Amino acid sequence: MNHCTPEKKNLLSIVLLLSLSAILAFPALAGADTTQTAVIATVASDYSSGAVSIVDVNPEGGPRSYENELNAAGSDIIVAAYENYYYLIQRGGGDWVAKYDITAPDTAIYQYSVGDEDSSEIGNVWDMLFVSSEKAYLLRYGKNVAWIVNPSAETEADFKIGEIDLSDYDDGDGAPEMAAGVLVDGKLFIAMQRLDGWTASNTAYVAVIDTDTDTEIDTDMATADEVKGIPLTIRNPMNIDYCSDNDTLYIQGVGDYNAGTYPGGIETINPSTYATSVLVDETAAGSAISGMAILSADKGYFIGYAGWGNQSLYEFSPTAGTVSESAVNDDLSGISIGGMRSGAYLDQNDMLWVCDQTNAQVVIVDTSDNSIDESVGTSLNPDSIAFTTEGEAGDGSSGDGGSGCFVGTILTDLF
């Protein structure tokens, strides 16, 4: 692919980054009495505004009920969910989190600032990861410090309850670019891009945090950077998923969008030993990989990025790393696909929700045969998805499906 102009690359990176990032963790295995609702962050085609769409997960085969253009906001928004609540997060130019009950999806319970009082620079939250209804982590892309927050706080003063300092990973521009995260067995894994501007010239890392003490674990994977985290081979990570089938973390990185200088692909991490291995590289994929969803040890999906507005959905084996020769469906080939960050795609019926920004719709894929179950118009372009859960739903977390894998951003995010 030809190199992007600086202007196109900046715009592309902003759009892709808006989409990606990890929001959800510890997804529940949905029970028979569970009701799920998809909450979708949508943006205008000219990025002048954003809003929320609400779509019923059931019935399979449709027609699904939906409502569009709720809670008008700026275009730089993402959504997260936990149990029956969803969280609308305004990033660039806003820096706030608003909480909603899915039964009253257009009435905010609160709106709290997530910016530093002593700084005019935005925190730029990219992920909200839930330990419980009273503890969550906010990954702030534009800062060295992640926030620990109480999602049930009744006042803004009680919202922030702690911090995690990741300044050791700052490559000199004031932030390590925390891009995605996932919670696994009492650990928080945070993927950091460590970009130089928009260039993936620095080694990317995954920091590991003990969620009981909120302190960083030394993984003993020390490098010349003298930090405690896990160095990655791939660059520009955007998504991190966990599969309990095989106790494996999957990290997706886009590299430099096919420019050929810095590698992208899908890399695995053992969450106990922290050993890493590149599973799918750009050569095997045939293009940059700009998003990912893991369903099981046998089936996963990624977005192949062939160029601006030209992405396709592929299937791959999370065990062998083999990749389908063509897109899984003709309707999901050569279009602009947004979102697909961690936790945002697989519903309780093992349906994969794909953000089709060419046609302003979510395409719901039956993963048993990759056929399209239904497409639902969202008015504005869909960019990230989270699932609220009502009823008996295992551990009560969100972003879940019925498979043996957890997905930790996306959503969020194909890009």
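This report describes the strands, sheets, nonpolar cores and salt bridges of a predicted protein model.

## Basis and overall make-up

The model is predicted, and local features need pLDDT of at least 70, side-chain atom pairs count only at pLDDT 80 or more, and totals for chains, interfaces and linings use all residues. Residues are numbered from 1 along each chain as its sequence is written, and side-chain values use heavy atoms, with hydrogens and water left out.

The protein chain contains two helices and 29 strands, where helices (H or I, at least four residues) and strands (E, at least two) are DSSP runs numbered from the N terminus. Of its 415 residues, 61% count as buried; buried means under 20% relative accessible area, exposed over 50%, and partly exposed in between, with a 1.4 Å probe and protein chains only. The accessible surface of the chain comes to about 14,300 Å², and 43% of this surface belongs to carbon and sulfur atoms, the areas being calculated by the Shrake-Rupley method with a 1.4 Å probe.

## Strand β18 and its partners

Strand β18 (residues 248-253) is largely enclosed by the rest of the structure, because six of its six residues are buried. Its two faces are both covered, with T248, Y250 and Q252 buried on one side and L249, I251 and G253 buried on the other. In a regular strand the side chains alternate between the two faces of the sheet.

Two strands are said to pair if DSSP finds at least two bridges between them. Strand β17 (residues 237-243) runs antiparallel to β18 and is joined to it by six bridges, with C243 opposite T248. These two strands form a hairpin with four residues between them, and D247 in the turn has a positive phi of about 50 degrees. Strand β19 (residues 265-269) is also antiparallel to β18, through five bridges, and E267 in β19 is the bridge partner of I251.

## Two open sheets

One open sheet of four strands follows the order β4-β5-β6-β7 with antiparallel pairing. Since β4 (77-82) and β7 (108-113) stand at the edges with a single partner strand each, one side of each is left without a neighbour in the sheet. Neighbouring strands of this sheet are turned against each other by 20 degrees on average, direction ignored; axes are lines fitted to C-alpha atoms, and angles run from 0 to 180 degrees between N-to-C directions. Within this sheet, five bridges connect strand β6 (residues 96-101) to the antiparallel β7, and V97 stands opposite Y112 of β7.

A further open sheet has its four strands in the order β3-β2-β1-β28, again with antiparallel pairing. Its edge strands are β3 (66-73) and β28, each of which pairs on one side only, and the twist averages 25 degrees from one strand to the next. Strand β2 (residues 50-56) pairs with β3 in the antiparallel sense over four bridges, and Y66 in β3 is the bridge partner of V55.

## Nonpolar cores

A nonpolar core is a set of buried Ala, Val, Leu, Ile, Met, Phe, Trp, Tyr and Cys residues joined through side-chain atoms within 4.5 Å. The largest such core has 27 residues, of which L313, L332, L352, W353, V354 and I385 touch the most other members. The elements that give two or more residues to this core are β1 (35-43), β22 (300-307), β25 (351-356), β26 (361-366) and β28 (381-390), and β25 gives the most, with five residues.

Not counting residues up to four places away in sequence, L332 touches Q311, S312, L313, A327, I337, V354, V363 and V365, where contact means heavy atoms within 4.5 Å. Apart from the largest core lies another, of 19 residues, among them V114, L138, A153 and F159.

## Salt bridges

The structure holds seven salt bridges, each defined as a side-chain nitrogen of Lys or Arg within 4 Å of a carboxyl oxygen of Asp or Glu. In one of them, the side chains of D373 and R64 meet at 2.8 Å, N to O. D373 lies in strand β27 (residues 371-377) and R64 in the loop between β2 and β3, so the pair ties together parts that are 309 residues apart in sequence. R64 also forms a salt bridge with E374, with the closest N and O atoms 2.8 Å apart, and this pair links parts of the chain 310 residues apart.

R64 counts as buried because its relative accessibility is 3%, D373 is buried as well, and E374 is buried with a relative accessible area of 16%. Elsewhere, D116 forms a salt bridge with R140, the closest N and O atoms being 3.1 Å apart. D116 lies in the loop between β7 and β8 (125-132) and R140 in strand β9 (residues 135-140), so this pair ties together parts 24 residues apart in sequence. R140 counts as buried, at 1% relative accessibility.
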